[in-house]
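Please walk through this protein with the sequence and the three-dimensional view side by side. The explanation below moves from the sheets to the loops that follow their strands, and from there to the ligand.

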Amino acid sequence: MPDMKNFLNTADYSQEALERLIAAASLFKNGTDVSQPLAGRSVALVFFNPSLRTRASMQVGIYELGGNPVVLEPGGTSWTLEHRDGVVMDGDKTEHLAEFVRVLGRYVAAIGVRTFAAMQDWSEEQVDPVLKPFAKYSEVPIINLESAMHHPCQALADMMTIREKLGVARKKVSLTWAWHPKPLPMAVPNSFALAAAQMGHDVVVAQPAGYELDEELLARVRHEARLAGGSLRLTNDIDEAFAGAEVVYAKSWGSKQFYGAPEQDVAERARYREKWIVDETKMALTHRAIFMHCLPVRRNVIVTDAVIDSPASVVIDEAENRLHVQKAILAHLLTPGAEY
Ligand code: CP
């Protein structure tokens, strides 16, 4: 059932609705829209994990919309939180999400939450175990600021950036796994592939054997691509993914089979270190592709200095667009009846 009262996953929004959000973001960006729909209201930002872009752009965006951001860090500046139902809370968790979320809802107009995958148990992570209870218990809109499975604000900023740089036409968009010294969550690649498919692009996912994205997610990406007139292709061959690409999106992620055993993942991925990096040789195979990454990025690990410092790199614009799309999302969620 699509859920447009929250912003949890771009799959809850139609292509038309995503395009409306991007259009609204462009009006915020070029200064045409200076409205302050959050005047006199507060928005809570709950960070279980570190952040630069998400935290700063949300705080600035809420301020620019006239509102007041309230930042909370469970286990740091607020109590440790339990998310599971029915547990005897005699361990290290002080407060249950059932109270935390409903209490916050009495103070604020919306709640943003960042809760990364713990990368311990794939079957648990797959259902977004912390984000779900936020949506279940909340009476105010929930904005996903990166959960175990999705990072929709990043994906919307990415789609806006592709439009700004390359226009609205269907593009060959290649999402490539890259070597990284430790396993990382899959939220960014999941949401990027999904949103790119929803926008009708021809999506190629390059992933070494053993590092496949979630099958259910890929089935949804394929379905969305078909609906929007695009396509999805999977490959183990990174050079094939770069050939003719108009967008190269790099990201590393962990192997589902090694959740709970990071040292095994590190040993397994070592064989991909040399080949799975974005460098000038691979970029030369593309059709003058732009280079994208959500940041933070490890230079000369995921991407060489030569590529990230080249005119093809749009990573700073991507990061800027986080601010504008999140203002559009907030305005959409908190202005009932308005055409956002
Ligand atoms: N891309 C992104 O979400 O950046 P942060 O982790 O710094 O928020």
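## From the sheets to the ligand

In this predicted model, five strands form an open sheet whose pairing is parallel and whose order is S9-S8-S7-S10-S11. At its edges stand strand S9, covering residues 231–235, and strand S11, covering residues 290–292, each of which pairs on one side only. On average, neighbouring strands of this sheet are turned by 20° against each other, if direction is ignored. Within the sheet, strand S10, made of residues 247–251, pairs with S11 in the parallel sense over 3 bridges, and a useful place to look is Val247, which stands opposite Ile290 in S11.

A further open sheet has 4 strands, again with parallel pairing, in the order S2-S1-S5-S6. Its edge strands are S2 (68–72) and S6 (142–144), and each of these pairs on one side only. For this sheet, too, the average turn between neighbouring strands is 20° with direction ignored. Strand S5, which spans residues 110–114, runs parallel to S6 and is joined to it by 3 bridges; Val113 has Asn144 as its bridge partner in S6.

Two loops deserve attention for their backbone geometry. In the loop between S5 and helix H4 (122–125) lies Met119, a residue that has a positive phi of about 60° although it is not a glycine. The loop between S11 and helix H12 (305–308) contains Pro296, and the peptide bond that joins Leu295 and Pro296 is cis, with omega at about 0°.

Leu295 also leads to the ligand, since the residues around the ligand are Ser51, Leu52, Arg53, Thr54, Arg114, His151, Gln154, Cys294, Leu295 and Arg322. By character, this shell divides into 3 nonpolar, 4 polar and 3 charged residues.

Which side chains have an N or O atom at 2.8 Å or 2.9 Å from an oxygen atom of the ligand? The side chain of Arg114 places an N or O atom 2.8 Å from a ligand oxygen, while for the side chain of His151 the corresponding distance to an oxygen atom of the ligand is 2.9 Å. The backbone takes part as well, in that an N or O atom of the Cys294 main chain lies 3.0 Å from a nitrogen atom of the ligand. Of the 260 Å² of accessible area that the ligand has on its own, the protein covers 93%.

Where does the ligand lie with respect to domain 1 and domain 2? Domain 1 is made of residues 10–150 together with 322–333, and domain 2 of residues 153–318; because both of them give residues to the shell around the ligand, the ligand lies between them.

Key: Residues numbered from 1 in each chain as written. Predicted model: local features only at pLDDT ≥ 70, side-chain atom pairs only at ≥ 80, totals over all residues. Heavy atoms only, no water. Near = heavy atom within 4 Å. Polar contact = N/O pair within 3.5 Å; in protein donor to acceptor, adjacent residues only side chain to side chain. Areas by Shrake-Rupley, 256 points an atom, 1.4 Å probe, with all protein chains shown as cover. Nonpolar A, V, L, I, M, F, W, Y, C, P; charged D, E, K, R; others polar. Domains from an automatic or database assignment. Pairing = 2+ DSSP bridges. Axes fitted to C-alpha atoms, helices over the stretch in contact; angles between N-to-C directions.
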